[in-house]
Amino acid sequence: MKKLSGHPEPHNVGAASMTAAASLFTAASAQEPIKIGAVLSVTGPASFLARPQKRTIEMMVEQINASGGINGRKIELFLYDDGGDANSARTFASRLIDQDKVVAMIGGSTTGTTMSVLPVFEEAEVPFMSMAGALQVVKPVKKWVFKTPHTDTMACEKIFTDLVSRKLLNIALVSGTDGFGKSMRDQCVAVAPKYNIKIVHEESFGPRDSDMTTQLTNVRRKSEVQAIVAPGIGQAPAILARNYKQMDLKTPMYVSHGVASKEFIQLAEGGAENARLPVSALLVGDKLAQNDPQRAPVLAYIKAYEAKHNQPVSGFGGFMHDGFIL
Amino acid sequence: MSTLLEIKNVSISFGGVQAVRDVSLSIPEGVVFSIIGPNGAGKTTLFNIISGLYVPQAGAVKLRGADIVGKRPDLLARNGLSRTFQNLQIFTQMSAIENVMVGRHIHERTSTVAQLFSLPNVLRENRASRAAATKLLTYVGLEKYIDSMASAMPYGALKRLEIARALATDPKIILLDEPAAGCNATETADVEQLIRRIADTGVTVLLIEHDMKLIMRISDRIL
Amino acid sequence: MKFLTPRILTVALLVIVVALTPVVLQSNYYLRVMTLIYVFGLAAIGLNLLMGFAGQVSLGHAGFVGIGAYAVGIAPTHLGIPGLYAIVLGAGVSAAVAAIIGKPILKLRGHYLAVATLGFGFLVALLLTNEASWTGGPDGMSVPRPVIFGTRIRTVEQWYWITGGVLILGTIIAYNIASSSTGRALRAIHDSEIAAHTVGVDIAKQKFKVFVISAVYASLAGSLLALSNGHITPDSTAGFLRSVELLTMVVLGGLGSIASSILGTAVVVLLPQVLTVFHEYEHLVLGLVMMLCIILMPAGVVPTILRRIKGRAT
Amino acid sequence: MLSDLVQYAASGVTVGAIYALIALGFTLIYNSTHVANFAQGDFAMLGAMTTVFVAAAGVPVVAAGILGILAAACAGLLLYRAAISFAKNSSVLGLIVLTIGAAIFLKGVAQIVFDKRFHSLPAWFGTEPIKVLDATIQPQSFVVLAGAAVIVFALVVFTKKTLIGKGILAISQNQLAATLVGINVTTIVTLAFVISAAIGGTAGILATPITLTSYDAGTLLSLKGFAAAMLGGMGSPMGAVIGGLVLGLVEAFGGGLISSAYKDAFAFLAILVVLALRPQGLVGSFVRERV
């Protein structure tokens, strides 16, 4: 499975905000713990994204506390599971601000939960590092809201540059009806004209569907389709890949960074051969050039993560790693 | 005496079992008309046809000349036909007086919107229904059970509660399905006395019963 | 008529709770949690009229919550209808939808009615998820805050008082219905449909009426939820889990008693907040608590407690 | 265009057979206690996940499968003895909430005992698709279909011919009368739960090569299985299979021909239409309320 390596620097918005956050820490007295909040969708439809994020933040807090904390102050982590529900995410956000009095918040695994907690942190003027993919989280730019995951637009642009290089301009979009699939599908539709790529056919699938041969049949019937792009996450793209192999389709297929993990390859049972997907440098750490600035932090993170959890790293854990450092 | 209820060659069968075949009878106003017969003769089925629960395959049922086959039971109640059941159909989670007040439902005319805001006309209506129900409960001798839950009342009392509820609709004709079944001697006497008093008020009574002594003493006509 | 009827007691208790909470618990977090209890309490009271009184099960009532929520979201942004009118619009649309689907499905009984209402809830959630141009799709949409008498209603405090007030009104109206001719007819239908029918109750019409009323209650709750949250998603308003939550609130509280629906709501809203201490075991404990409530208190939390206090055997 | 229709049909039958298998699990429990068991999908999940983890621990897949079915059967036993048998006098609604609570509980247990990732099981006859008029069908779909057929046959024979089966029918008609004539209600109903749960576990194991599984896969399976059982007519094994297949085909053809985004909507619209015309389901018998 060929990966598009050499992904741009993890994206951070407004270096100015960095200095503001740092000064906040030193002002408080030495031994009082730094309270950091995290609301993630550890269970529910987005648990595929949030699980590695939860493990990463817990690991990093342990590491920092083990090495004496920041300026001698331990980090106290308040982690809540909103189960992917925007309503309970908002309640936990208010709990973090009013009860736990956290100084910073990391979380919002889905765009839905992020957008619903966003006003709470804007009002409380507490820096909020979101893990969501959608552009609307930081567009228009908000004073207290940041995000580390690359936007869906970038993922689409990465795929489209590769499509243009292979001269595959008529594509079919087969997208998931969940938040992730929908928002990436919208970005791809918006950005396609820039690469004069035509979307000739569209299909969608549910996150828990168990057979997508119907959708692929409709795509196959459209002879002018030169490539399939499948924004989606979780188990559904794996089933799509299996059906792709079952129907012995030859049209090149692109899946999303949402399934960027070894798990996807195993579940696809050979359906993912020569499928391509955009992914952060994290997953190809060892293949990065020696002088690539990302190599050292990526390899360190992979070693620590796999040692502690003996599970392969996932791109989403990487977003949390960068977000936490910021 | 004009005929109040007329049944002409009514028959019904359930999957091959001929429950009622070609029954005809006409019931004049103001009498106590008893129907007797062994178990399974189709008496209750006939009652269910008259009260609109079953639709007969053949024949006609006329109430004061108007054909009522296939008419919904609640419309029949509005036309003055009321009944009790062989095996008690009591609103168990409601109190005795509430059971009888449901009988007053067809006389309660307030609009839903008025009920939402409990406007004065609704409060008046509730008081009137409650008063009528209390009168009826005293009439059947259940005044000491007024506010107790139906589920906590003895069988004999429930029998009379069902009669009181049937009377609450101010019926022209009341169908009593074995009102004295399972009652001891004194309770049967009470029931007999009650039926006599109902008939005296001009309400036609259509009765199904097995207690021949009661039938003989009370019926004007017997089928 | 003894003075302290359940109706007076419940409304008085509710007024005290609504009035005193901001004094006792200052932090916004508690106000936010109470606001959720008031909003879902409103929907639960409506659902209790349908399930507790008339005995008609609904496994998709969050569909109406979704309609109410998105009416308040879509109307101002796409149709230029300000927030308050949007609430009325949402209630109207919910009533109309309830009227249309009410006729055919209310002929069904028990589990068949359950699957029909389940289907309705699913359809609404699917519509809200797929019609992204209107609803913003699965990531949801933000809800513009209404302007009442010139001030934009934003803070948690404001919404606390509004939702508390609306719940008190909703409770009073529910008691009015319960003590009216309709209320008695509904309870009669629940106990014995045959007897109610022969004594003159138009079964279809009464079931239809209470279905529409409960839909309006759920829609108002949806609108208030959307306005107090500021952002809504299809799953958090119309999803199947929301319908299950509503069902649990009514059943745990106690079928057929209005006060118990509010208490049932409080239990279901507070549980996840309390259970966070269990982290990984949250789901396991939640499932256990639900089962124990049904086993130990079949009639529901409130009736069981009342019976224990009064000590009289029913 | 014909091969497209055949592919839609193939997809419909594949998915429909899975719904049928889950719907079959409802029958015995519904027949014996009139409880619609919303934890039925979680029995399937439990069966599948146990098999995955036991097989991962080195046990041959077949043995792991049997262990999986046993695990599901135990869950069924516990659900009845430890929960439903104590909730005798709660209402239909109370029992629905109880089984939903049980479903959440099973999900919670699976989340801790197993993990939260997606898993699969090897297909029985490999993944080489079978060509029918150049539409392709996975061999595992036939395995699922065969499984449904075997279970339907066994259930029909069981309910009609064996003493226990007749006992279940007697209990469902009138529990008091059944006890009076000496039917030991608790053992028979326990057996009904155990068998239903075992069917659920088998369904999970047979379907996982197609649907994959995870700790929270149970919820949607319960819903679709419940919908299929109701569409067919609750309580009848044949009804469950017909309901499941019809549901699967409606989803496939609706999704293929009209719009794949509203696939589930067509399924529930079909149910609303069928129930409006035949309130007791496609196959169910009309129960006249005796007065």
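This is a guided tour of a predicted model, moving from the chain arrangement to chain A, then chain D, and ending with backbone details.

**The assembly**

Start with the chains coloured separately. Five pairs of chains touch, and the pair with the most contacts is C and D. Now select chains A and B together. These two chains do not touch, and their nearest C-alpha atoms are 31 Å apart.

**Chain A as a whole**

Hide everything except chain A and show it as a cartoon. Chain A holds 11 helices and 11 strands. Its radius of gyration is 20 Å, close to the 20 Å given by the globule rule for 326 residues, so chain A is as compact as a globular protein of that length. Turn the view along the principal axes: the C-alpha atoms fill a box of roughly 70 × 40 × 35 Å.

Switch to a surface. Chain A exposes about 12000 Å², of which carbon and sulfur atoms supply 58%. Of the 326 residues in this chain, 63% are buried. For contacts within chain A between residues at least 6 apart in sequence, 68% join residues at least 24 apart.

**Strand β4 of chain A and its neighbours**

Next select residues 104-107 of chain A, which form strand β4. Which residues of β4 lie on each side of the strand? A104(A) and I106(A) are on one side, M105(A) and G107(A) are on the other, and all four are buried, so both faces of the strand are covered.

Add residues 34-40 of chain A, which make up strand β2. Strands β2 and β4 of chain A run parallel and are joined by four bridges. To find one of these bridges, select V39(A), whose partner in β4(A) is G107(A).

Then add β5 of chain A, residues 128-130. Strands β4(A) and β5(A) also pair in the parallel sense, over three bridges. Here the residue to pick is I106(A), whose bridge partner in β5(A) is M129(A). I106(A) is thus a buried residue of β4 that has a bridge partner in β5(A).

**A cis peptide bond after β5**

Follow chain A onward from β5 to P140(A), which sits in the loop between β5 (128-130) and β6 (145-147). Show the backbone atoms of K139(A) and P140(A). The peptide bond from K139(A) to P140(A) is cis, with omega near 0 degrees. Most peptide bonds are trans.

**Chain D as a whole**

Bring back chain D alone. Its secondary structure comes to 11 helices and two strands. Trace the chain from the N terminus, and the elements come in the order α-α-α-α-β-β-α-α-α-α-α-α-α. The radius of gyration of chain D is 19 Å, close to the 19 Å that the globule rule gives for 291 residues, so this chain too is as compact as a globular protein of its length.

The C-alpha trace of chain D spans about 60 × 50 × 35 Å along its principal axes. Buried residues account for 63% of its 291 residues. Among contacts in chain D with a separation of 6 or more, 75% are between residues 24 or more positions apart.

**A nonpolar patch on chain D**

Put a surface on chain D. About 10600 Å² is exposed, and carbon and sulfur atoms supply 74% of that area. Now select M1(D), L2(D), L5(D), I130(D), V132(D), L133(D), F142(D), L257(D) and I258(D), which make a nonpolar surface patch of about 840 Å². Which elements give two or more residues to this patch? They are α1, β1 (130-132) and α10 (237-258) of chain D.

Zoom in on L2(D), found in helix α1. L2(D) counts as exposed because its relative accessibility is 53%, and the cut-off for exposed is over 50%.

**Two residues with positive phi**

Stay in chain D and move to H34(D), in the loop between α1 (2-33) and α2 (40-56). H34(D) is not a glycine, yet its phi is positive, at about 55 degrees. At 39% relative accessibility, H34(D) counts as partly exposed.

For the last stop, show chain B and select D170(B), in the loop between α6 (155-167) and β7 (173-177). D170(B), also not a glycine, has a positive phi of about 50 degrees. Is D170(B) buried or partly exposed? Its relative accessible area is 43%, so D170(B) is partly exposed. Most residues other than glycine have a negative phi.

Technical notes: Residues numbered from 1 in each chain as written. Chains lettered and ligands numbered in written order. Predicted model: local features only at pLDDT ≥ 70, side-chain atom pairs only at ≥ 80, totals over all residues. Heavy atoms only, no water. Buried < 20%, exposed > 50% of the residue type's maximum accessible area, 1.4 Å probe, protein only. Patch = residues over 30% accessible without salt bridge, like charges linked within 9 Å, V, L, I, M, F, W, Y side chains within 5 Å. Areas by Shrake-Rupley, 256 points an atom, 1.4 Å probe, with all protein chains shown as cover. Salt bridge = Lys/Arg side-chain N within 4 Å of Asp/Glu carboxyl O. Contact = heavy atoms within 4.5 Å. Rg over C-alpha atoms; globule rule 2.2 N^0.38 Å. Pairing = 2+ DSSP bridges.
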